[in-house]
Amino acid sequence: MPATLFILNGPNLNRLGTREPETYGRTTLADIEAQCRATGARLGFDIVFRQSNHEGTLVDWIQEAGDVARGLIINPAAYTHTSVALHDAIRTAAVPTVEVHLSNVFAREAFRHHSYVSPVAVGVICGFGAKGYDLAIEALANKLGA
Ligand code: DQA
């Protein structure tokens, strides 16, 4: 049975394509999902791909990933910079987690330079747009020896 990777997306990422295209590009979340499914299939993973604007829903899904997934990729969006709840959920889930951002958060406002998620992630990929999701899947495949 193929290993499952959870790919979770936080608030406002449902608006990709039209949201601040100068920062996030024109790629939609549906495009990113299709790309992740193709990369996951190539590397032998089942992909669970979800988005929520709600912090508690993301906590529920991280807990679920801890129960059923071999790896977690998360773009926590704005909750990156605010959420102790996501930090605690990822710490407790103890599933290898890669943090992804489309934009280079370090080249942006100072409030985006701190992440509550990075200390509980195995690695962080930012600044490469949608390609970052592919890189994260490849990084987890490598980490898991898949
Ligand atoms: C983001 C960066 C965050 O600072 C921002 O709040 C987002 C998107 C990114 O993918 O670049 O919503 O996570």
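In the next few minutes I will go through the surroundings of the ligand in this structure, and then the positions that a database record marks in it. Please keep in mind throughout that the model is predicted.

Let me start with the ligand, which sits in the largest pocket. Which residues surround the ligand? Going along the sequence, they are Arg19, Tyr24, Asn75, Ala77, Ala78, His81, His101, Leu102, Ser103, Val105, Arg108 and Arg112. If we sort this shell by class, we find five nonpolar, four polar and three charged residues.

Some of these residues bring an N or O atom to an oxygen atom of the ligand, and I would like to take them one at a time. For Ser103, an N or O atom of the side chain is 2.6 Å from a ligand oxygen, and for Arg19, again with an N or O atom of the side chain, the distance is 3.0 Å. With Ala78 it is the backbone that takes part, since one of its N or O atoms lies 3.2 Å from an oxygen atom of the ligand. As for how much of the ligand is covered, on its own it has 320 Å² of accessible area, and the protein covers 99% of that.

Now I turn to the UniProt record, which is an unreviewed entry, and which gives the feature "active site" at Tyr24 and His101. These two are spread over 78 residues of sequence, yet they cluster in space, with a largest C-alpha distance of 9.6 Å. Both Tyr24 and His101 belong to the lining of the largest pocket, and Tyr24 has its place in helix H1, which covers residues 21-24.

The same kind of unreviewed annotation puts the feature "binding site" at Asn75, His81, Asp88, Leu102, Ser103 and Arg112. This set extends over 38 residues of sequence and is also spread in space, with up to 24.3 Å between C-alpha atoms. Which of these residues help to line the largest pocket? From this set, the lining takes in Asn75, His81, Leu102, Ser103 and Arg112. Asp88, which the record also lists under "binding site", is found in helix H4, made up of residues 84-93.

Technical notes. Residues numbered from 1 in each chain as written. Predicted model: local features only at pLDDT ≥ 70, side-chain atom pairs only at ≥ 80, totals over all residues. Heavy atoms only, no water. Near = heavy atom within 4 Å. Polar contact = N/O pair within 3.5 Å; in protein donor to acceptor, adjacent residues only side chain to side chain. Areas by Shrake-Rupley, 256 points an atom, 1.4 Å probe, with all protein chains shown as cover. 1 Å grid on protein atoms, 1.4 Å probe; cavity = no way out; pocket = protein on both sides within 12 Å on 5 of 7 lines; lining within 4 Å. Sits in = over half its atoms within 2 Å of the grid points. Nonpolar A, V, L, I, M, F, W, Y, C, P; charged D, E, K, R; others polar. UniProt positions renumbered as here; feature names shortened; annotations may be inferred. Helix = DSSP H or I, 4+ residues; strand = E, 2+ residues; numbered from the N terminus.
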